[in-house]
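This report goes through one protein model from its overall form to selected residues. Please keep the sequence and the structure in view while reading.

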Amino acid sequence: MDWEAIIIVPIVVVGLPWLILHYVTKWKTAATITSDDEALLEDLYQLAKRLDERMDTVERLVAADHPEFERTRLLPNRETDNQPLHELDRLITQKKGTAQ
């Protein structure tokens, strides 16, 4: 039997499928968000929400003390912008309710 055939057959039968399955598994695991990532995103969302509320409070207090004060925020706090946030809050509370 030819030495090339002895080397090529195991490479094709074992090596190639192993290589393909290895990288398919790597791609699938890299595309998902872990529970730690999810918790971090939720913490960051809550922090951003609190900071936004604080900014609104500070601007309201300064505007009350100084009538000539103009709000400097690029985007004012609008209800149309807050609708996706309300939906996200609803989904978070729903997820927490089902987890308990």
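The sections below cover the whole chain, then its helices, then an aromatic pair.

## Overall form

The model is predicted. Its protein chain contains three helices and zero strands, and the order of elements from the N terminus is α-α-α.

The radius of gyration of the protein chain is 28 Å, whereas a compact globule of 100 residues would have one near 13 Å. Along the principal axes, the C-alpha atoms occupy a box of roughly 95 × 35 × 20 Å. One separation within the chain is that of Ala5 and Glu87: these residues are 82 apart in sequence, and their C-alpha atoms lie 62 Å from each other.

## Surface and burial

Of the 100 residues in the protein chain, 6% are buried. The accessible surface amounts to about 9000 Å², and carbon and sulfur atoms account for 66% of that area.

## Helix α1

Helix α1 covers residues 3–30. With 28 residues at 1.5 Å a residue, α1 should span 40 Å; the distance between its end C-alpha atoms is 39 Å, so the two values agree. The helix also has a kink of about 35°, and the centre of this kink is Ile11.

At the N-terminal end, α1 is capped by Asp2, which places a side-chain oxygen 3.1 Å from the backbone nitrogen of Glu4. Ala5 also belongs to helix α1. The relative accessible area of Ala5 is 29%, and this residue is therefore partly exposed, since the partly exposed class lies between the limits of 20% and 50%.

## The aromatic pair

How many aromatic pairs does the structure hold? There is one. It is made by Tyr23 and Trp27, whose ring centres are 6.4 Å apart and whose planes meet at 40°, so the pair is classed as tilted. The tilted class applies because this angle is neither under 30 degrees, as for stacked rings, nor over 60, as for edge-to-face rings.

Tyr23 and Trp27 are four residues apart in helix α1, which means that about one helical turn separates them. An α-helix has 3.6 residues a turn, so residues three or four places apart point the same way. Tyr23 has a relative accessible area of 42% and is partly exposed, while Trp27, at 60%, counts as exposed. The cut-off for exposed is over 50%.

## Helix α2

Helix α2 consists of 31 residues, 35–65. From its first C-alpha to its last, α2 reaches 45 Å, close to the 45 Å expected at 1.5 Å a residue.

Which residues of α2 are buried? They are Tyr45, Asp56 and Glu59.

Technical notes. Residues numbered from 1 in each chain as written. Predicted model: local features only at pLDDT ≥ 70, side-chain atom pairs only at ≥ 80, totals over all residues. Heavy atoms only, no water. Helix = DSSP H or I, 4+ residues; strand = E, 2+ residues; numbered from the N terminus. Expected span 1.5 Å × (residues − 1). Bend = angle between axes of the 7 residues up to and from the residue. Polar contact = N/O pair within 3.5 Å; in protein donor to acceptor, adjacent residues only side chain to side chain. Buried < 20%, exposed > 50% of the residue type's maximum accessible area, 1.4 Å probe, protein only. Phe/Tyr/Trp six-rings, centres within 6.5 Å; stacked < 30°, edge-to-face > 60°. Rg over C-alpha atoms; globule rule 2.2 N^0.38 Å. Areas by Shrake-Rupley, 256 points an atom, 1.4 Å probe, with all protein chains shown as cover.
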